[in-house]
Amino acid sequence: FETVSYFLPTSEGSFDHEDFEGHRGTIGPGDLQWMTAGKGIVHSEMPKEGDKVSHGLQLWVNLPSKEKMCDPAYQELPASKVPLVTVDGVTARVIAGTAFNTTSPVYTRNPTHYIHFEMSPNKTLQHPIPSEFNSFIYVLFGSGTFGEGDKAIASTAHHTLALTKDDSQHGITITSGDKGCSFVVISGKPIGEPVKQYGPFVMNTDEELMQAFEDYENGENGFEKAVGWRSEIGKRITQRHK
């Protein structure tokens with residue numbers, strides 16, 4: 001599977017991260033990290049010491065069975081590289097996919113759209129979504145009305161809205177409230193395969209899950225560098241408890 005870590009532009013804090021391949025860095029306000037775990041990687045992330053409270057989202061994206069054993073990879077975009085476009089009082093940060101004819105450089109192994117919208121008060125947005133995609137919306141700040149007519153739903157911050165999949169519909173209409181509205185729209189093409197998940201592993205069958213655990217415990221099939229590896233940034237926690 002893949003993990004998508006996106007720090008909100010308004011976040012006051014940031015996170016350090018590292019893995020057993022020696023890759024390390026810091027994710028701060030507005031930054032994006034799209035990590036493909038693939039056949040396996042041991043990864044650590046911790047709040048940066050001395051920082052204030054961090055605000056962000058982390059999404060797990062399942063991979064098709066043919067991609068599950070790919071090599072681990074990172075796609076990292078600082079805030080300045082995440083496409084940003086404003087039209088008629090609506091700003092879109094295009095994390096993946098396309099909005100307002102602007103496309104993210106992020107490569108997705110399965111078609112995935114991830115857009116952060118910020119709407120000024122009392123604005124209306126018509127956002128197209130492929131009819132075959134599954135979609136949901138998470139409201140971050142403010143309020144709005146999602147949908148039209150008798151199917152419209154009013155929502156405020158910290159609520160998730162699962163969108164109806166309808167071949168006759170090709171998007172959603174959103175109207176922001178008196179204080180504006182900030183939300184993410186996340187959509188993806190269904191893979192159509194069984195999902196088996198336990199702990200940090202996401203596979204298709206119970207047998208594959210057992211094999212993944214055995215590979216990790218034995219340091220095989222992608223986990224060779226996991227043997228004996230210890231996170232340096234993780235020592236912040238262990239040292240505090242000594």
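A salt bridge is taken here as a side-chain nitrogen of Lys or Arg within 4 Å of a carboxyl oxygen of Asp or Glu. By this rule, the predicted model contains 8 salt bridges. Side chains of opposite charge can pair when their charged atoms come close.

One of these pairs joins the side chains of Asp16 and Lys48, with an N to O distance of 3.5 Å. Asp16 belongs to strand β2 (residues 15–19), whereas Lys48 is placed in the loop between β5 (43–47) and β6 (56–61), so the bridge ties together parts that are 32 residues apart in sequence. The two partners are assigned to separate accessibility classes: Asp16 is buried, at 8% relative accessibility, and Lys48 is partly exposed, at 34%. The value for Asp16 falls in the buried class because that class covers residues under 20% relative accessible area.

A further salt bridge is formed by the side chains of Lys39 and Asp71, at 3.2 Å from N to O. Both residues are located in loops, Lys39 between β4 and β5 and Asp71 between β6 and β7 (73–77), so this pair also connects parts that are 32 residues apart in sequence. Lys39 is partly exposed, with a relative accessibility of 30%.

In the salt bridge between Lys196 and Asp206, the closest N and O atoms are 4.0 Å apart. Lys196 is part of strand β18 (residues 196–198) and Asp206 is part of helix α1 (residues 206–218), so the contact ties a strand to a helix across 10 residues of sequence. Lys196 is partly exposed at 34% relative accessibility, and Asp206 is likewise partly exposed, with a relative accessible area of 45%. In addition to these pairs, a network of salt bridges links Glu2, Glu67 and Arg109.

Two members of that network, Glu2 and Arg109, also take part in the surroundings of Thr36. Thr36 is found in strand β4 (residues 32–36) and is buried, with a relative accessible area of 1%. The side chain of Thr36 makes a polar contact of 2.6 Å with the side chain of Glu2, and a second polar contact, of 3.1 Å, joins the side chains of Thr36 and Arg109. Leaving aside neighbours within four places in sequence, the residues in contact with Thr36 are Phe1, Glu2, Leu63, Cys70, Asp71, Pro72, Ala73 and Arg109. Asp71, the salt-bridge partner of Lys39, is thus listed among the contacts of Thr36. For Ala73, which is 37 residues from Thr36 along the chain, the separation of the C-alpha atoms is 5.0 Å.

The internal space of the model was examined next. Rolling a probe the size of a water molecule over the atoms shows where empty space is left. The structure holds 1 cavity of 30 Å³ or more, and the largest cavity encloses about 30 Å³. The lining of the largest cavity consists of Leu8, Pro9, Thr10, His116, Glu118, Leu140, Phe141 and Ser182. Strands β12 (112–119) and β14 (134–146) are the elements that each give two or more residues to this lining. By residue class, the lining divides into 4 nonpolar, 3 polar and 1 charged.

His116, one of the lining residues, is placed in strand β12 and is buried, with a relative accessible area of 2%. The side chain of His116 forms a polar contact of 2.7 Å with the side chain of Tyr6. When residues up to four places away in sequence are not counted, His116 touches Tyr6, Leu8, Pro9, Thr91, Ala92, Arg93, Ile95, Leu140, Ser182, Phe183 and Val184. Among these contacts are Leu8, Pro9, Leu140 and Ser182, which also line the largest cavity.

Backbone geometry was considered last. Most residues other than glycine have a negative phi, and most peptide bonds are trans. Asn122, although not a glycine, has a positive phi of about 55°; Asn122 lies in the loop between β12 and β13 (124–128). His158 likewise has a positive phi, near 70°, in a residue other than glycine. The position of His158 is in the loop between β15 (153–156) and β16 (160–162), and His158 is exposed, at 59% relative accessibility.

Methods
Residues numbered from 1 in each chain as written. Predicted model: local features only at pLDDT ≥ 70, side-chain atom pairs only at ≥ 80, totals over all residues. Heavy atoms only, no water. 1 Å grid on protein atoms, 1.4 Å probe; cavity = no way out; pocket = protein on both sides within 12 Å on 5 of 7 lines; lining within 4 Å. Points joined across faces, edges and corners; volume = space filled by probe spheres on them. Helix = DSSP H or I, 4+ residues; strand = E, 2+ residues; numbered from the N terminus. Nonpolar A, V, L, I, M, F, W, Y, C, P; charged D, E, K, R; others polar. Buried < 20%, exposed > 50% of the residue type's maximum accessible area, 1.4 Å probe, protein only. Contact = heavy atoms within 4.5 Å. Polar contact = N/O pair within 3.5 Å; in protein donor to acceptor, adjacent residues only side chain to side chain.
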